[in-house]
Amino acid sequence: MIRAVDLHKSFGENEVLKGITSDFYPGKTNLIIGRSGAGKTVLLKLLVGLLTPDVGKVFYGDVDFFGLSKEGRRQIRMSVGMLFQGSALFDSMTVEENIRFPLDMFTNMTRKEKLDRVDECIERVDLKSKVKQIYPSEASGGMQKRIGIARAIVLNPKYLFCDEPNSGLDPKTAIVIDELIHSITRDNQITTVINSHDMNSVMEFGDNIILLYDGNLAWQGNKEEVLDTDNEILQNFIFASPFLQKLRKSFLQG
Amino acid sequence: MNRNILFHFGRYFIMLKTAFARPERWSMYYQEAMRQMNDIGIGSLVIVALISVFIGAVTVVQFAYQLGGTLVPRYYIGYVVRDMTIIEMAPTITCLVLAGKVGSNIAAEIGGMRQKEHIDAMEIMGVNTAAYLVMPKVIAALFVIPLLVCVAAFVGIGGGYIAGVPTGLITADEYIYGMRAFYDSYNVFMMFVKAVVFAFILTSVPAYQGYYVQGGSIELGKASTQAVVYSNILILVADYIIAIIMTL
Ligand SMILES: Nc1ncnc2c1ncn2[C@@H]1O[C@H](COP(=O)(O)OP(=O)(O)OP(=O)(O)O)[C@@H](O)[C@H]1O
Ligand SMILES: [Mg+2]
């Protein structure tokens, strides 16, 4: 479990987060939603420690992440996987070398064991094994996301972070990627935190949804509760178009 | 402005401190260092040789011109070319050129990785990125650049021969006699000291510029240019300091 306590973050005058407190649960797809610019990426980067909060703490289990030494943080990071908004695959390495990189860096596996593990991960994300020899720039956007996921899970992480895993994908592929992350989360009991503004994934996979608005946590709940809530900010966010608002009204009236 | 310089110096040294930590895995760092040695060493051989030939040639031609009509013996041409090449031309000019070639390359490579979030991705995995991205490059340069400088010195002296002997500015015997006159191996030692110091500057300064780059491609271009400019300035300053200290 990951626990964020009273996280504040400003960039100069721009107060992006004004005290976010929330829990993120294992085996669940924890979604952070909010408008573009709401601070989702900033919150995610605070959780993984790529940014340092002005005030507040992040706990991995019982461990205070920012209270740790460099070495302690590195230990935690070995159990963290992350999928970046732009995939962040190393473009001078082949797909196989990309996925193998964490194994090369951190494990004592033999070459054969590493290759087997890479094959497992490639299979897990439904890629064909012939993509192993291509370079990331030769892969399509959806394939890059899959490769990114494969690399993120290669060390069997306990925590998985995904920044907009389905941005820039067609709706069908987006759902496939969402399902993939969801099933990996469930099967391995990973604590997964996903940034998203895609309504499909909210309604399909939101076990624990957090809405950011104006630097605050505006709403928290699961996908069933989304439909019933009276929270105006959430409604304005989800039922953004007048058409959807009308639809919801008539739905509620039966 | 002054505060700015202090800020950069401070952050530069903090990066170096982080960079020279114990590697997570020696084999990965070794591989990377080998790749860098190839890039920096083999990749720069031709340009270094080319420049050195001309430096040696020009020194001979111009010194012969300066000596014209004086009573200074001709073999002094060989002597001057030798020491000038060893003490100053080979290390300094070679490293100024390498700062342009290797330095801008390092700044662009690391800066690109920063902008494409590759560095963040490695950090998340638990890699000490300052170490993995900086140390192998610096170590590779510390090994390879002194060798390049050595090559530059030989080639420069050869270039002097080519420019002087066939054209009749100096006879082969005089040139070789000059080569061997007043030889002091301390000068060679000075050459290697300079090469090592310059190698450190021209890899670590660009690495710093790339590592902390922000923004987009314009900033990346700027960082790459600054990497070369600052490396060059620091190399010249270091050259002066070494010259003072070692000739006391
Ligand atoms: N490194 C930074 N320096 C300065 N300001 C920043 C930085 N990173 C983010 N911000 C600011 O923080 C705010 C939130 O940005 P963030 O990237 O978290 O938005 P987001 O919710 O992820 O949006 P999107 O859905 O478009 O990705 C923005 O106003 C942005 O300008
Ligand atoms: Mg974002």
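Me: Which residues line the second largest cavity?

Reply: Rolling a probe the size of a water molecule over the atoms shows where empty space is left. A cavity is a set of points on a 1 Å grid over the protein atoms alone where a 1.4 Å probe fits but cannot get out, and lining residues have an atom within 4 Å of a point. Here the lining is Ile51(B), Ser52(B), Ile55(B), Thr85(B), Met89(B), Ala90(B), Ile93(B), Thr94(B), Ala152(B) and Gly156(B). The elements that give two or more residues to this lining are α2 (26–67), α3 (76–115) and α5 (129–164) of chain B. α3(B) gives the most, with 5 residues.

Me: What should I know about the model and its numbering?

Reply: This is a predicted model: local features need pLDDT of at least 70, side-chain atom pairs count only at pLDDT 80 or more, and totals for chains, interfaces and linings use all residues. Residues are numbered from 1 along each chain as its sequence is written, chains are lettered from A and ligands numbered from 1 in the order in which they are written, and side-chain values use heavy atoms, with hydrogens and water left out.

Me: How many cavities of 30 Å³ or more does the structure hold?

Reply: A volume is the space filled by probe spheres set on the grid points, which are joined across faces, edges and corners. The structure holds 3 such cavities. The largest has a volume of about 120 Å³. Of the 13 residues that line the largest cavity, the closest to its centre are Val80(A), Gly81(A), Arg151(A), Ala152(A) and Met125(B). The second largest holds about 40 Å³.

Me: What classes of residue make up the two linings?

Reply: Ala, Val, Leu, Ile, Met, Phe, Trp, Tyr, Cys and Pro count as nonpolar, Asp, Glu, Lys and Arg as charged, and the others, Gly among them, as polar. The lining of the largest cavity has 11 nonpolar, 1 polar and 1 charged residues. That of the second largest has 6 nonpolar, 4 polar and no charged.

Me: How does the span of helix α7 of chain B agree with its number of residues?

Reply: Helices are DSSP runs (H or I, at least four residues), and strands are too (E, at least two), numbered from the N terminus. The expected span of a helix is 1.5 Å times one less than its number of residues. α7(B), residues 185–211, has 27 residues, so it should span 39 Å; its end C-alpha atoms are 39 Å apart, which agrees.

Me: What follows α6 of chain A?

Reply: Gln189(A) follows, with a positive phi near 50°.

Technical notes:
On a 1 Å grid over the protein atoms alone, a cavity is a set of points where a 1.4 Å probe fits but cannot get out, and a pocket is an open set with protein on both sides within 12 Å along at least five of seven lines; lining residues have an atom within 4 Å of a point.
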